[in-house]
Amino acid sequence: MPEITLEFLRKERENCWIELQRLNEVFLEKLNCKNGEKNSHGCHLETYTLTDKTLIEMQKKKLEAFDEAIKRWYSETYGICLGDKCGNGKIPIKRLKSKPYAAFCVACLESTPKS
Ligand SMILES: [Zn+2]
C-alpha cells in the first residue's frame with residue numbers, strides 16, 4: 001500500500017479525470033446514434049443514457065472531492081475529518097488509502113443525512 005503523498009493524490013485525481021473523459025466519450029457516442037438504433041456497444045440509447053448521466057455526475061463529484069482533498073493538503077488539513085461527531089478527529093489512514101478524497105470519518109459520514 002502506498003503512503004499518502006501529494007503525488008499519490010494527484011495521480012488518483014488524474015485517474016479519476018481520465019475515467020470522466022472516457023465516460024463522456026461513451027455518452028456522446030450513444031447520443032450520436034439514432035433513436036432505436038443499436039450502437040457499437042450493442043445497447044439502446046434510451047435505456048442507457050440515464051445510467052450514463054448518473055455515472056458522469058458521480059464521477060464529477062469524485063473529481064471535485066479530489067480537488068478539495070488537494071486543497072486541504074496545501075492548507076495542511078488533509079486527513080482531518082470535517083464532521084462534528086468526532087470533534088475533528090483524524091480520518092484513519094486505511095480509509096484514506098481506499099478513498100483518498102474522503103473528507104469525513106465513517107462515524108461522521110453515517111450520521112450526515114444524505115441529500
Ligand atoms: Zn469524523
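Let's start with Lys 85, which sits in the loop between helix 2 and helix 3. When I say helix, I mean a DSSP run of H or I with at least four residues, and a strand would be a run of E with at least two, all numbered from the N terminus. On numbering, residues count from 1 along each chain as its sequence is written. And keep in mind that this is a predicted model, where local features need pLDDT of at least 70, side-chain atom pairs count only at pLDDT 80 or more, and totals for chains, interfaces and linings use all residues.

So, back to that lysine. Is Lys 85 buried or exposed? Neither, quite: Lys 85 is partly exposed, because it has 15 other C-beta atoms within 10 Å. The cut-offs here are 20 or more other C-beta atoms within 10 Å for buried, 12 or fewer for exposed, and partly exposed in between, with the C-beta atoms placed from the backbone.

What does Lys 85 touch, if we skip residues up to four places away in sequence? Ala 107, Cys 108 and Ser 111. Touching means contact, that is, C-beta atoms, again placed from the backbone, within 7 Å. There's also Leu 109: it is 24 residues from Lys 85 in sequence, and the C-alpha to C-alpha distance between the two is 9.2 Å.

Okay, two other residues from that loop. Glu 76 is in the loop between helix 2 and helix 3, and its phi is positive, about 60°, although it is not a glycine. Glu 76 counts as exposed, because just 8 other C-beta atoms lie within 10 Å.

Then there's Asn 88, also found in the loop between helix 2 and helix 3. Its phi is positive too, near 50°, and again this is a residue other than glycine. Asn 88 has 13 C-beta neighbours inside 10 Å, so it counts as partly exposed.

Now let's zoom out to the whole chain. You've got four helices and zero strands, so to speak α-α-α-α as you read along the sequence. Of the 115 residues, 8% are buried. Take the contacts between residues at least 6 apart in sequence, and 53% of them join residues at least 24 apart.

Last bit: confidence. The score is pLDDT, the predictor's confidence in each residue, from 0 to 100. The chain has a mean pLDDT of 86, with 81% of its residues at 70 or more. Among the elements, helix 3 (residues 93–98) has the highest mean, 93, and helix 2 (residues 45–74) the lowest, 89. Where pLDDT is low, don't read the predicted coordinates in detail.

Key. Two residues are in contact if their C-beta atoms, placed from the backbone, lie within 7 Å.
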